[in-house]
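Thank you all for coming; I would like to take a few minutes to walk through one model, going sheet by sheet and then turning to the charged side chains. Please have the structure open while I talk.

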Amino acid sequence: MTHRILVVDDEAIARDNLAILLRKRKYEVDTAASGEEAMRALAGADYDLVLTDLMMDDMDGMALLRHIRQHHADTEVIMITGYATVETAVLAMQEGAYHYLAKPYRIEEARALVQKALEKRALNQEVHRLREQLRERSLPVPILGSAPCIVELKRLIAKVAPAEASVLILGETGTGKELAARMVHLFSRRSDRRFLAINCGAFNDALLESELFGHEQGAFSGAARLKKGLFEAAEGGTLFLDEVGEMSLAMQVKLLRALQERSIRRVGGTVDIPVDVRLVAATNRDLKREAEAGTFRADLFYRLNVVSLRMPPLSERRADIPLLARYFTEKSARDMQVAPPAIGQDALDALARYPFPGNVRELQNIMERAVVLCSDGVIKAGHLPPDLFEAPDHVMRGDERKALTLDDNERDHIMWMLEHAGGNRTLAARLLGIDRASLWRKLKRFGVEAG
């Protein structure tokens, strides 16, 4: 990996000698003759390390150090001083410098100090990446539910995830397409790298191109510094393009080129940058029909649709409603730092009758509202939105018309708790507030094999 270094000194000979020394070590080196010139350079590029003289006329090294710590916190700084007092070194390091280099310095001393500073920078980047990875891993939860369509979806994700093929996730708004995309990433060989997502419908062409591919400094009005796009930022990981069907035909051409060439070109740039990213896209539109009609590029559709996953609407998995309602209730209660309320049978019956045009996302919002309104420890029908009671009574067909029984609800709750306890029945019993023998008897009554 090539490291980028900025050398700042108002003495041309000292500045050039140090730059030559560093370039011999194969570092990419820029120079600045003043603190203000250094600030302009920092605004236009990302530097791993800045070596700056302490004593300069217009802006001394300490002022530049403070600017770097405030605006470029990840950049390491080595202070160069001809006044190698203990006070100077301590002050510089208290302000956030990695170390100091006293003039006249020995070549090997300078090389070793630069190498150690760059190693620290690399270590900090790795720690940041791991923290991001852990944060991302905590966001998605397993796709909950035991409806046949959900069981099949989980099976397909487990089968598709280890492959490198592009994935197209189809489904209505609010069905959980991004959750499925995250599960594809977490079960893939790229799970130790980043997962980045963007909603293509939220940007016009110019902004979307900049977000995806980045831009060079000065590429357009307001482009004060170089910016890497999501393709570069997700290097080695997964990029999720939500609502890809909203992308214009002009942007589709640019996306197709990036996928075919496995490289991108920043806005205003002239160099092709290789990228290694797995693409997962999602849409609520019928892209196959649009491709046939010419409103979506057929070649891009086939490039995206190597493997497709369909997120079923909540109306096709009504048996999962009590399980999902409990999950969202407990999640909302945790977020609000209150005790999770129970869900009364009248509320469950109302949820069972409602068609949920907004799918799982609508159910989540309904339960969050109910937790806010509930004050007596039980969510009742009166805590649900009035819209639920304007829905037709017969939204289900055939065997689905029967109301869920108390046994059905108890079984769903026990199976949900078992899932969250990782199958540990002792832990599940403790969470349920019963002993293990009672849990065993209930599972036997519900026809669940003992384990």
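**Two sheets and their surroundings**

Let me begin with the sheet in which five strands are arranged in the order E2-E1-E3-E4-E5, an open sheet with parallel pairing. At its edges are E2 and strand E5, residues 99-102, each of which pairs on one side only, and from one strand to the next the twist averages 20°. I should say at once that this is a predicted model, and I will try to word things accordingly.

Within this sheet, E3 and strand E4, which covers residues 76-81, are paired in the parallel sense over five bridges, and if you look for Leu49 you will find that its bridge partner in E4 is Glu76. Helix H1, residues 12-23, packs on the sheet and touches E1, E2, E3 and E4, with a direction that makes about 170° with that of E2. H2 packs on the sheet as well, touching E1, E2 and E3, and its direction makes about 165° with that of E1.

Which residues of helix H2, residues 35-44, are buried? They are Gly35, Ala38, Leu42 and Gly44, and these buried residues pack against strand E1 (4-8), strand E2 (28-32), strand E3 (49-53) and, beyond the strands, helix H3 (61-71).

Now to the other sheet, which is again open and has five strands, here in the order E7-E10-E13-E6-E14 with parallel pairing. Strand E7 (195-199) and strand E14 (307-310) stand at the edges with a single partner strand each, so one side of each has no neighbour in the sheet. Neighbouring strands here are turned against each other by 20° on average, direction ignored. Strand E6, residues 167-170, runs parallel to strand E13, residues 278-283, and four bridges join them; in this pair Ile169 stands opposite Ala282 of E13. Helix H6, residues 148-160, packs on the sheet, where it touches E6, E13 and E14, and its direction makes about 155° with that of E14.

Turning to the charged side chains, the count comes to 29 salt bridges, of which I will pick out a few. Glu28 and Arg4 meet through their side chains in a salt bridge, at 3.5 Å from N to O; because Glu28 lies in strand E2 and Arg4 in strand E1, the pair ties together parts that are 24 residues apart in sequence. Both ends are partly exposed, Glu28 with a relative accessible area of 36% and Arg4 with one of 24%.

Arg182 forms a salt bridge with Glu178, with the closest N and O atoms 3.4 Å apart, and both residues lie in helix H7 (residues 177-186), four residues apart, about one turn of the helix. Arg182 is buried, at a relative accessible area of 15%, whereas Glu178 is partly exposed at 32%. Elsewhere, salt bridges that share partners join Glu164, Arg190, Arg262 and Asp276 into one network.

Is Arg317, in the loop between E14 and H13, buried or exposed? Its relative accessibility is 4%, so Arg317 counts as buried. Leaving aside neighbours within four places in sequence, the residues in contact with Arg317 include Leu144, Cys149, Ile150, Pro312 and Val360.

Finally, at the surface, Met336, Val338, Val372 and Leu373 make a nonpolar patch of about 320 Å².

Note on methods: Residues numbered from 1 in each chain as written. Predicted model: local features only at pLDDT ≥ 70, side-chain atom pairs only at ≥ 80, totals over all residues. Heavy atoms only, no water. Pairing = 2+ DSSP bridges. Helix = DSSP H or I, 4+ residues; strand = E, 2+ residues; numbered from the N terminus. Axes fitted to C-alpha atoms, helices over the stretch in contact; angles between N-to-C directions. Contact = heavy atoms within 4.5 Å. Buried < 20%, exposed > 50% of the residue type's maximum accessible area, 1.4 Å probe, protein only. Patch = residues over 30% accessible without salt bridge, like charges linked within 9 Å, V, L, I, M, F, W, Y side chains within 5 Å. Areas by Shrake-Rupley, 256 points an atom, 1.4 Å probe, with all protein chains shown as cover. Salt bridge = Lys/Arg side-chain N within 4 Å of Asp/Glu carboxyl O.
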